[in-house]
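Reader: I should like to learn how the surroundings of a ligand and the interior of a protein are read from a model. May we go through one example together?

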Amino acid sequence: MSQKPPPKQFIKTPIKGTKTTILVSSAKGGVGKSTIAVNLAFALQKLGLKIGILDADVYGPSLPKLLNLNEKPKSPDNKSILPLEKLGAQCMSMGLLIDEQTPMMWRGPMVISAIKTMTQKVLWKERDVIIIDMPPGTGDTQLTFVQEVRIDGAIIVSTPQDLALLDVKRGIQMFEKTGVKILGLIDNMSVFKGNDGQEYKIFGEGGVENTANEFNKDFLGQIPLNQDLRTSADNGEPLTFTKPDHEVSKIFYNIAKKIKQSFL
Ligand SMILES: Nc1ncnc2c1ncn2[C@@H]1O[C@H](COP(=O)(O)OP(=O)(O)OP(=O)(O)O)[C@@H](O)[C@H]1O
Ligand SMILES: [Mg+2]
């Protein structure tokens with residue numbers, strides 16, 4: 001009688017130089033993962049934590065633009081890479097290693113190798129937390145992280161739209177199946193406040209909180225659709241760093257406090 005082989009056991013390697021590693025994820029594209037990863041990281045910094053930000057989007061890196069990074073990282077020994085320092089954060093992105101307009105025409109094994117380089121060869125130093133900005137989907141990058149990197153938790157971002165939530169549910173199941181703790185869900189672009197004082201719920205209402213309840217996860221908060229958040233991202237100046245009194249920054253601090261109290 002043939003016996004089923006035992007499931008492959010993956011060795012989860014921690015990222016050296018950090019106490020905690022948190023993914024900001026959503027299987028859906030364009031819902032604000034990168035914007036939230038960077039602003040949340042600086043909100044955690046405002047709470048006194050030493051932060052690192054790793055942009056894991058090999059095909060569409062955003063971090064160089066979001067933080068106005070234009071230096072090439074140095075390699076002291078041609079093997080390891082020094083992260084760039086910006087506003088007190090240590091940063092790494094595939095976008096720093098290639099030309100801005102070069103398309104990454106890579107197959108899976110090359111992506112996996114790039115993720116391993118960024119998680120094992122970068123000389124992160126004395127970080128309390130590294131926030132990882134994940135690409136959309138549940139493909140090679142996600143599998144490499146959840147199976148081969150020690151992740152302390154994942155934060156899931158979505159808009160309240162049904163179309164986004166479908167993918168998000170797939171993302172939640174991927175983390176559940178691979179034993180990654182979900183720290184909670186964030187509702188992005190939840191409401192737009194017009195100059196007329198009216199609130200417009202462009203992507204619907206309550207969908208992310210309902211999904212959190214459905215899967216028995218924490219609901220961490222709602223970020224409105226806000227022009228200052230968008231312009232600060234385009235200018236490479238995260239709102240939570242440059243405008244701590246902004247109403248949207250305050251929402252990020254509240255979410256950061258919840259994460260710090262519960263997990264850091
Ligand atoms: N709350 C918000 N208010 C206004 N603009 C936002 C908000 N969140 C994100 N954006 C804008 O929406 C666009 C998509 O955001 P972002 O790049 O962060 O999404 P993403 O989920 O990381 O996308 P991708 O799946 O391509 O990685 C960007 O132009 C960003 O500036
Ligand atoms: Mg992104």
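Author: We may begin with the ligand, bearing in mind that this is a predicted model. Helix 1 (33-46) and helix 8 (227-234) both contribute at least two residues to the shell around ligand 1.

Reader: Which residues come nearest to ligand 1?

Author: The shell holds 20 residues, of which Gly29, Gly32, Lys33, Ser34 and Thr35 come nearest. Sorted by class, the shell around ligand 1 consists of nine polar, eight nonpolar and three charged residues.

Reader: How should one read the nonpolar core?

Author: In soluble globular proteins, nonpolar side chains tend to be buried together. Here the largest nonpolar core has 71 residues, and those touching the most other members are Val24, Leu40, Ala41, Ile53, Ile131 and Ile155. Helix 1 provides the largest share of this core, with eight residues.

Reader: Which residues does alanine 41 touch, not counting those up to four places away in sequence?

Author: With those sequence neighbours left out, alanine 41 touches Ile51, Ile53, Ala89 and Ile131.

Reader: Is threonine 144 buried or exposed?

Author: The cut-off for a buried residue is 20 or more other C-beta atoms within 10 Å. Threonine 144 has 20 such neighbours inside 10 Å, and therefore counts as buried. Threonine 144 belongs to helix 5 (residues 140-148). Leaving aside residues up to four places away in sequence, threonine 144 touches Ile112 and Ile115.

Reader: How far apart are threonine 144 and lysine 12 in sequence and in space?

Author: Threonine 144 and lysine 12 are separated by 132 residues in sequence, while their C-alpha atoms are 9.6 Å apart in space.

How values were computed
Residues are numbered from 1 along each chain as its sequence is written. Chains are lettered from A and ligands numbered from 1 in the order in which they are written. This is a predicted model: local features need pLDDT of at least 70, side-chain atom pairs count only at pLDDT 80 or more; totals for chains, interfaces and linings use all residues. A residue is near a molecule or strand if its C-beta atom, placed from the backbone, lies within 6 Å of it. Helices (H or I, at least four residues) and strands (E, at least two) are DSSP runs, numbered from the N terminus. Ala, Val, Leu, Ile, Met, Phe, Trp, Tyr, Cys and Pro count as nonpolar, Asp, Glu, Lys and Arg as charged, and the others, Gly among them, as polar. A nonpolar core is a set of buried Ala, Val, Leu, Ile, Met, Phe, Trp, Tyr and Cys residues joined through C-beta atoms within 7 Å. A residue is buried if 20 or more other C-beta atoms lie within 10 Å of its own, exposed if 12 or fewer, and partly exposed in between; C-beta atoms are placed from the backbone. Two residues are in contact if their C-beta atoms, placed from the backbone, lie within 7 Å.
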